[in-house]
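Student: I should like to work through the organisation of this assembly step by step. May we begin once the structure is displayed?

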There are 4 protein chains.
Amino acid sequence: MRKIGILTSGGDSSGMNAAIRAAVRTAVSGGMEVVGFRKGFQGLINCDYMEMGTMTVAGILQHGGTILHSVRCKEFMYEPGQQAALKSLETLGVEGLIVIGGDGSLKGAMALDSLGFPVIGIPASIDNDIAFTDMSLGVDTAMNNIVYAVDCIKDTASSHERTFVIEVMGRNCGYLASTTAIAVGAEFTIVPETPFDTSEICRRLQTRYREGRNDAIIIVAEGAATAREIADKIEGCIGFETRVTVLGHYQRGGAPSVFDRLLGSRFGKRAVEMLVAGEHGKMVGLCGRSIKATPLSEVAASVRVPDPEMLGMAEVLGI
Amino acid sequence: MRKIGILTSGGDSSGMNAAIRAAVRTAVSGGMEVVGFRKGFQGLINCDYMEMGTMTVAGILQHGGTILHSVRCKEFMYEPGQQAALKSLETLGVEGLIVIGGDGSLKGAMALDSLGFPVIGIPASIDNDIAFTDMSLGVDTAMNNIVYAVDCIKDTASSHERTFVIEVMGRNCGYLASTTAIAVGAEFTIVPETPFDTSEICRRLQTRYREGRNDAIIIVAEGAATAREIADKIEGCIGFETRVTVLGHYQRGGAPSVFDRLLGSRFGKRAVEMLVAGEHGKMVGLCGRSIKATPLSEVAASVRVPDPEMLGMAEVLGI
Amino acid sequence: MRKIGILTSGGDSSGMNAAIRAAVRTAVSGGMEVVGFRKGFQGLINCDYMEMGTMTVAGILQHGGTILHSVRCKEFMYEPGQQAALKSLETLGVEGLIVIGGDGSLKGAMALDSLGFPVIGIPASIDNDIAFTDMSLGVDTAMNNIVYAVDCIKDTASSHERTFVIEVMGRNCGYLASTTAIAVGAEFTIVPETPFDTSEICRRLQTRYREGRNDAIIIVAEGAATAREIADKIEGCIGFETRVTVLGHYQRGGAPSVFDRLLGSRFGKRAVEMLVAGEHGKMVGLCGRSIKATPLSEVAASVRVPDPEMLGMAEVLGI
Amino acid sequence: MRKIGILTSGGDSSGMNAAIRAAVRTAVSGGMEVVGFRKGFQGLINCDYMEMGTMTVAGILQHGGTILHSVRCKEFMYEPGQQAALKSLETLGVEGLIVIGGDGSLKGAMALDSLGFPVIGIPASIDNDIAFTDMSLGVDTAMNNIVYAVDCIKDTASSHERTFVIEVMGRNCGYLASTTAIAVGAEFTIVPETPFDTSEICRRLQTRYREGRNDAIIIVAEGAATAREIADKIEGCIGFETRVTVLGHYQRGGAPSVFDRLLGSRFGKRAVEMLVAGEHGKMVGLCGRSIKATPLSEVAASVRVPDPEMLGMAEVLGI
């Protein structure tokens with residue numbers, strides 16, 4: 001392996017830069033060259049790249065986002081896009097590729113590997129919806145961002161007497177909602193995986209109110225409902241004045257947590273070592289204290305099962 | 001002066017606890033007793049109070065919100081409510097009162113003082129809309145909260161290529177919006193004090209786009225428009241995909257900044273010293289490096305004029 | 001099980017309050033009573049306790065330290081102290097005990113369990129030196145505290161041209177030093193587990209200097225050397241001006257990270273469930289995505305082996 | 001004015017980058033060119049510079065330190081160094097210079113202005129020891145850094161029972177020590193401006209101990225004593241176990257607070273406007289809500305007088 005390519009794809013997440021830095025420096029210290037493709041698979045198709053050395057990745061470990069930029073690329077989902085990508089790789093003499101991204105991006109990685117080009121995938125998605133890794137890159141930072149904000153809101157909640165509905169990310173996956181609900185001591189959690197009943201929430205809010213507990217925090221995953229919808233139902237049903245916060249893209253960025261810096265560094269280093277060892281068509285993943293690899297085809301065929309222990313734990317502890 | 005009362009009223013802001021602590025400890029070290037009324041003027045009317053000593057206020061300096069709780073109290077706007085309040089104060093033997101809150105609360109303080117009961121006001125309002133003080137309590141913390149969140153969003157903005165519209169507090173006053181826009185390097189600021197023209201913003205967004213600068217941050221004060229409205233207009237007008245964040249009550253709370261801890265401590269100490277010295281009917285305020293007092297009637301009659309230097313400065317520096 | 005006791009022992013760590021809260025609320029919702037012993041085993045010996053209900057643990061999830069306080073207690077290492085502890089437990093009608101602490105505390109827990117009283121241990125130690133758990137309570141928060149501080153120092157390091165030596169905790173274990181070195185991009189790491197050679201560090205500093213790279217970050221675990229010693233050797237050997245920071249107890253406290261809030265919540269809940277199920281003499285531990293229990297005797301007999309992948313990784317990536 | 005120079009000198013402080021950015025963008029939008037000299041006056045002497053445009057300063061507002069780097073330069077204190085500097089400025093066609101730094105740097109600025117070259121100074125020094133400005137650039141960030149760390153230490157202080165001695169910056173000036181002591185609720189403050197008596201501190205520590213208050217925070221400015229010295233005296237005198245933290249350069253850097261971003265932006269903009277208006281030989285300073293200018297000669301001849309209100313306030317409130 002003399003030359004390695006690397007790209008970030010899909011929604012950005014904190015820790016991508018740590019993975020890029022580790023991959024580049026591991027490759028350079030092994031005598032290889034590295035090219036970084038800009039804007040994910042789009043850059044691969046357009047042969048839009050930059051040569052990357054030790055100093056290219058200096059000082060990026062601390063920063064959220066991705067220096068290689070990222071877009072969602074529909075063109076790459078089809079044969080012609082993939083052939084154009086292969087051509088770019090061949091033209092540049094790249095012999096192996098590292099793809100950092102979420103489930104869509106990992107499917108793209110798998111497609112390229114199936115066409116005979118060696119690829120290693122690194123799971124990055126703040127939703128934590130990828131199977132075969134305890135944690136995806138960016139989840140820990142996103143959770144800490146959310147909790148930092150909700151801790152602030154709780155100061156007001158304890159000073160006034162109001163119900164706050166806070167909308168967090170998570171289209172198909174309630175991981176962020178259910179973990180942060182535990183971590184802030186929220187009273188209610190609404191996730192896409194479990195049916196919810198607003199009238200039951202209203203009933204319990206009224207019970208709490210009769211006990212003299214007038215404030216409450218409700219965390220809702222965007223894939224289950226919008227915060228506005230929940231707030232309107234509560235106000236319409238029992239007349240409680242509620243306040244809405246939509247954290248939006250605040251959750252995604254910011255200086256990565258130590259967890260994400262370590263995870264990104266380990267993923268990036270291991271991805272290069274695997275390509276050098278001739279392994280490919282796999283995704284690196286965290287498994288306890290170790291980094292383990294799983295075929296991309298297995299990853300694509302699996303859905304991460306939520307921990308039943310986590311779902312509902314906030315409610316038990318929020319009594 | 002043998003006994004002092006204290007209360008917090010209106011929207012909570014970070015630093016209220018610092019002011020409570022300083023007032024209590026200054027009073028206690030001067031040999032006075034202190035009672036704290038719960039839930040603002042409502043507690044005054046209902047004679048809902050707690051006795052406060054040195055240890056009651058231990059460990060609160062670090063926390064947002066207010067340990068005395070706060071509500072907006074309509075009943076106190078009228079004569080019967082005010083008479084009930086006077087009766088509570090007389091019953092408890094309180095000889096002077098400190099009111100911590102925003103413009104409405106300071107008007108309540110003035111009303112009570114006009115009825116012959118000595119009151120000192122402390123300006124607390126994250127909008128920074130009170131005249132005769134360089135800064136109100138809670139503004140600095142709120143600005144830092146906003147900027148922390150927008151710094152995170154900028155990581156994503158620089159990784160993807162999108163326009164972000166972020167809604168911050170400020171009903172009649174664009175202070176938070178215009179200062180945080182400077183502090184994050186936002187491209188556009190929309191405040192209530194100045195007319196804005198969405199089509200002009202769209203035109204400039206398109207110019208930037210043609211120059212290859214596809215990301216932009218727009219800070220909008222809630223009193224001028226909702227973030228959703230601005231985003232919809234931009235999408236409708238030039239088709240740019242935009243993202244919305246409504247920071248909501250996140251802005252209000254959290255551990256107070258050093259600025260607010262110092263300001264609250266100085267305000268609380270000075271308020272007690274003034275009552276002891278027989279001064280009343282005044283609001284303490286920050287004036288450069290000094291704390292100065294202004295009659296509450298002058299405060300009520302004045303509107304804080306925005307700094308023309310600040311308004312528009314973000315646009316000059318965001319070129 | 002009708003009544004459960006709980007205590008925190010040894011050095012405090014962030015997340016202890018989360019574990020206390022979860023244990024109390026899990027017990028209460030299962031119909032049990034809870035008593036908390038103050039100041040660790042000392043409180044057990046002196047029968048110094050508080051009854052704990054749902055509201056006793058309200059609002060503590062966000063705070064570092066431990067509301068039950070903690071000391072190191074020599075008296076409990078010997079038979080008479082342990083007998084006094086058993087007597088307290090019997091007098092109060094406590095039927096099971098949860099001990100939260102580091103290796104010394106877990107040995108105390110084992111001693112009590114051996115005497116026939118059911119005990120469950122929860123590993124809490126910022127050194128991460130306990131076997132049979134991927135992470136101990138407080139490690140993640142400590143790492144983030146360290147990295148926050150060193151990120152600040154790096155701003156100065158890149159503006160001036162100096163070598164900074166930063167001393168972090170870790171008497172026998174270099175986990176904190178080696179992980180944070182990776183996370184900040186430090187150039188050198190000095191840990192107790194591996195011999196180090198200051199003259200080799202000096203030689204490499206000079207090589208970097210000749211390449212025009214004049215700044216460097218050295219992370220040293222307190223168990224290997226003091227920062228002052230390393231700085232003095234570098235100054236004496238090659239004359240470089242160095243700056244020393246000793247982070248001290250700053251590392252230990254502060255609002256717990258989400259990781260530690262979740263870990264503490266899960267540990268506390270599981271500990272109660274195990275006591276109820278009749279399990280005892282065990283320590284709960286994190287094993288990948290699951291909580292697993294290990295006999296305290298096995299824990300006491302084992303030493304956590306450092307990950308060879310982590311040791312030295314900073315140097316590879318810091319090229 | 002067609003071309004402006006800018007440099008940062010002396011110890012770095014957070015907000016320097018905000019000032020650089022504002023100066024560059026104000027100049028560029030006024031049709032001027034800007035050159036930045038590297039490593040302070042040394043770069044001026046060596047004609048080591050970079051041309052600066054709008055994009056050179058993109059994304060630096062958020063970062064501590066200074067992109068222009070900074071050193072202390074003895075050579076510039078003497079005539080030959082200053083003449084070399086003038087020659088560089090003439091060669092490059094620079095017509096006005098902005099110097100960002102502390103008292104030594106402002107004296108350098110004055111010397112150059114006296115030789116007939118128009119200079120404007122911007123006060124930047126975390127010690128806040130410069131007269132004619134309410135605050136110097138970097139002070140607010142440094143205070144928040146210190147307080148963040150001491151808040152963490154207080155968690156441990158309240159969980160264990162110990163005296164913590166924390167050393168902060170301030171060679172001749174106790175501003176940082178006295179303000180942060182108020183902001184964290186420290187029990188004792190030791191500053192260079194006021195004589196202190198360790199045996200008095202010991203006596204009061206023992207009184208507190210007899211009252212059951214065993215923990216205490218002592219903030220010491222480095223110019224008064226080292227934390228180690230104070231800790232040793234306390235241990236030697238009354239046998240209390242104490243813990244030492246030396247915050248070191250952690251205080252200096254990190255993402256600037258909003259206060260410092262605004263102050264730097266306003267200083268940088270105004271400095272350019274003054275040069276354009278033909279004003280020079282002055283330092284910009286914060287005076288309440290306004291920016292005011294003072295002749296550099298007056299600044300050099302004055303010493304900032306500490307606020308007597310601040311000194312000793314921590315002790316009053318720490319009762």
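Student: Into which domains is chain A divided?
Tutor: The model under discussion is a predicted one. In chain A, the second domain is continuous in sequence, covering 142-252. The other domain is assembled from two segments, so that the full division reads domain 1 (3-138 + 256-301) and domain 2 (142-252).

Student: How many residues does each domain of chain A bring to the contact between them?
Tutor: Taken over C-alpha atoms, the centres of domain 1 and domain 2 of chain A are separated by 35 Å. The two domains of chain A nevertheless share a contact, to which domain 1 gives nine residues and domain 2 gives 11 residues.

Student: What classes of residue make up the side of domain 1 of chain A that touches domain 2 of chain A?
Tutor: Domain 1 of chain A enters this contact with nine residues. Sorted by class, that side of domain 1 of chain A holds one nonpolar, five polar and three charged residues.

Student: Which C-alpha of chain A is nearest the axis that superposes chain A on chain C?
Tutor: Chain A is superposed on chain C by a rotation of 180° with 0.0 Å of shift along the axis, at an RMSD of 0.0 Å. In chain A, the C-alpha nearest that axis lies 1.8 Å from it and belongs to Gly288(A).

Student: Which helices of chain A each supply at least two residues of the side that touches chain C?
Tutor: In this interface, 33 residues of chain A are in contact with 33 residues of chain C. By class, the side of chain A comprises 14 nonpolar, 11 polar and eight charged residues. The helices of chain A that each supply at least two residues are H1 (16-29), H5 (139-159), H6 (175-184), H9 (258-276) and H11 (313-317).

Student: Why can chain A and chain C be said to meet through the same surface?
Tutor: The argument rests on comparing the interface residues of the two copies. The copies meet through the same surface because the share of interface residues of chain A that are also interface residues in chain C is 100%.

Student: How are chain C and chain D related?
Tutor: A rotation of 180° with 0.0 Å of shift along its axis superposes chain C on chain D, with an RMSD of 0.0 Å. In chain C, the C-alpha nearest the axis is that of Val246(C), at 2.7 Å. The two copies are therefore related as by a two-fold rotation axis.

Student: How far apart are the closest C-alpha atoms of chain A and chain D?
Tutor: Chain B and chain C do not touch, their nearest C-alpha atoms being 11 Å apart. No contact joins chain A and chain D either, and their closest C-alpha atoms are separated by 11 Å.

Definitions and conventions. Residues are numbered from 1 along each chain as its sequence is written. Chains are lettered from A and ligands numbered from 1 in the order in which they are written. This is a predicted model: local features need pLDDT of at least 70, side-chain atom pairs count only at pLDDT 80 or more; totals for chains, interfaces and linings use all residues. Copies are superposed by least squares on the C-alpha atoms of residues with pLDDT of at least 70 in both. Domain bounds come from an automatic or database domain assignment. Two residues are in contact if their C-beta atoms, placed from the backbone, lie within 7 Å. Ala, Val, Leu, Ile, Met, Phe, Trp, Tyr, Cys and Pro count as nonpolar, Asp, Glu, Lys and Arg as charged, and the others, Gly among them, as polar. Helices (H or I, at least four residues) and strands (E, at least two) are DSSP runs, numbered from the N terminus.
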